[in-house]
Amino acid sequence: MSKVNLTGKKAAAIAVIVIILLSVLVVYAMKWVESDKVTKPEREEHPVDLSAWIVDWQWKSGLDDLRGISDGLTSVQAFAAYFDDTDSLYFTKKHREALPRITEASRQGSLVHVDLTVVNDRIVSDGTTVQKDPTIITRLMATEESRSKHIDNILDVVAEYDFHGVEIDYERIDDSDWSNVTAFYAELYQRLDAIGKSLRIVLEPRTPIERLSLPEGPVYVMMAYNLYGGHSGPGPKADHAFIAKLAGRLDQVPGDNIIALATGGFDWSEAGKVAAVTEQRAVELSQLSLKEPQRDVASGSIYFDYRDDNDVMHTVWYADHVTLSQWIDVAQQAGYDNIALWRLGDLGQETLKELNRRGLD
């Protein structure tokens with residue numbers, strides 16, 4: 001009988017020890033969970049400083065988007081002033097028609113500043129366009145006198161239309177011109193700053209920023225798109241790794257700078273033609289998709305295939321509100337809360353809602 005009681009006491013003691021050990025394990029597990037929460041916190045979403053371009057060839061739908069997103073924007077860039085055959089700034093008839101409408105819309109709701117974007121496209125006398133002509137840059141940047149004359153031309157246009165600031169989008173710059181170009185950036189910034197105007201500089205992904213001495217003062221905008229496009233086969237305009245890599249490179253540039261993201265997408269035809277498509281157009285084409293459109297994990301972009309009326313196969317990749325939100329997240333995680341959108345025009349309603357939500361009030 002005593003032996004049975006002893007065995008029972010022993011079992012009870014073991015049970016107590018087990019309960020104590022389990023209690024200790026639970027406490028440590030809770031502490032581990034709390035520690036993990038501290039070392040790996042959930043990222044709090046915060047607003048972005050959002051700007052966007054409106055282009056002259058699609059200004060009406062761009063204006064509709066501006067009205068729909070104005071509460072989320074801090075500035076809009078009127079794209080663009082081109083060049084004529086005399087290397088003077090040139091506005092298309094559409095741009096001259098659009099500018100007062102853009103200015104009017106920018107003053108509705110929240111105040112949105114309007115900047116002028118100058119791009120090195122040349123309008124030939126016969127009406128054709130030479131895109132991103134590097135020879136214009138070579139001529140305009142050649143001497144201090146030629147740069148000063150060009151700056152005078154820019155300031156005259158700024159005064160005529162009362163732009164808040166200027167953005168320079170000179171692309172395909174020859175390596176031999178970079179020292180003159182950076183001098184121009186500094187000189188233009190000083191002239192604009194003296195009259196209370198701002199300056200933004202657009203940088204292509206291929207810009208050799210690692211070896212350039214870019215001046216302090218201007219805000220620099222890195223084009224985080226064109227990963228795939230008219231120059232390549234099908235794919236997204238950007239993916240998460242591409243955006244993160246360019247953000248890392250932009251860290252080397254002085255100032256509080258901007259990551260530019262692209263709306264819309266491209267349509268690649270089996271016949272070899274590549275066409276840019278807006279988000280709304282891509283959605284329309286998706287109704288012809290041979291199967292349910294898919295979302296790419298690496299980029300957040302949507303892609304699908306369809307056959308046109310001539311039985312030619314097409315592949316479309318485009319960005320919707322989910323894509324843009326993911327891209328903004330990647331930029332913010334890399335330290336960039338300033339985002340520029342290329343471009344307004346035929347954005348989806350969900351995209352407008354998302355951008356309004358993400359933008360600063």
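Helices (H or I, at least four residues) and strands (E, at least two) are taken here as DSSP runs, numbered from the N terminus. By that rule, the secondary structure of the protein comes to 10 helices and 15 strands. The structure is a predicted model, in which local features need pLDDT of at least 70 and side-chain atom pairs count only at pLDDT 80 or more, while totals for chains, interfaces and linings use all residues. Residues are numbered from 1 along each chain as its sequence is written, and side-chain values use heavy atoms, with hydrogens and water left out.

A good place to begin is with confidence, expressed as pLDDT, the predictor's confidence in each residue, from 0 to 100. The mean pLDDT of the protein is 89, and 87% of its residues reach 70 or more. Two stretches stand under 50: residues 16-22 and residues 24-43. Contact here means heavy atoms within 4.5 Å. Beyond four places in sequence, the model has zero contacts for residues 16-22 and three contacts for residues 24-43.

Turning to the protein as a whole, burial is defined by relative accessible area: buried is under 20%, exposed over 50%, and partly exposed in between (1.4 Å probe, protein chains only). Of the 361 residues, 48% count as buried. The protein exposes about 18200 Å², of which carbon and sulfur atoms supply 53%; such areas come from the Shrake-Rupley method with a 1.4 Å probe, and for residues only the protein chains shown count as cover. Among contacts between residues at least 6 apart in sequence, 69% join residues at least 24 apart.

Strand β4 (residues 113-123) makes a helpful landmark for a newcomer. Because 10 of its 11 residues are buried, β4 is largely enclosed by the rest of the structure. Two strands are said to pair if DSSP finds at least two bridges between them. Strand β2 (residues 73-83) runs parallel to β4, joined by seven bridges, and F79 has T117 in β4 as its bridge partner. Five bridges link β4 to β6, again in the parallel sense, with V118 partnered by I168 in β6. Strand β5 (residues 129-130) instead runs antiparallel to β4, over two bridges, and R122 stands opposite V130 in β5. Five residues lie between the strands of this β4 and β5 hairpin, where G127 takes a positive phi near 95°.

Just after β6 comes a residue worth a closer look. E171 sits in the loop between β6 (165-169) and α6 (178-194), and it counts as buried because its relative accessibility is 11%. Leaving aside neighbours within four places in sequence, E171 is in contact with N120, K132, E204 and M223. T207 is 36 residues from E171 in sequence, with 8.7 Å between their C-alpha atoms.

Elsewhere, an open sheet of five strands follows the order β11-β10-β14-β13-β12, with antiparallel pairing. Its edge strands, β11 (274-277) and β12 (294-295), each pair on one side only. Within the sheet, strand β10 (residues 264-269) and strand β14 (residues 313-319) share six bridges in the antiparallel sense, and F266 has W317 in β14 as its bridge partner. Helix α8 (residues 279-286) packs on the sheet, touching β10, β11, β13 (302-307) and β14, and its direction makes about 135° with that of β14.

Helices α4 (residues 134-141) and α5 (residues 144-161) also meet: their axes come within 6 Å and cross at roughly 110°. Axes are lines fitted to C-alpha atoms, for helices over the stretch in contact, and angles run from 0 to 180 degrees between N-to-C directions. The crossing makes α4 roughly perpendicular to α5, a label that covers 65 to 115 degrees, with under 35 degrees called roughly parallel, over 145 roughly antiparallel and the rest oblique. R139, L140 and M141 of α4 make the contact with S146, R147 and H150 of α5.

Finally, some backbone details deserve mention. Most residues other than glycine have a negative phi, and most peptide bonds are trans. The bond from F79 to A80 is cis, with omega near 5°, and A80 lies in strand β2. Another cis peptide bond joins W342 and R343, with omega about 15°. D162, in the loop between α5 and β6, has a positive phi near 55° and is exposed, with a relative accessible area of 55%.
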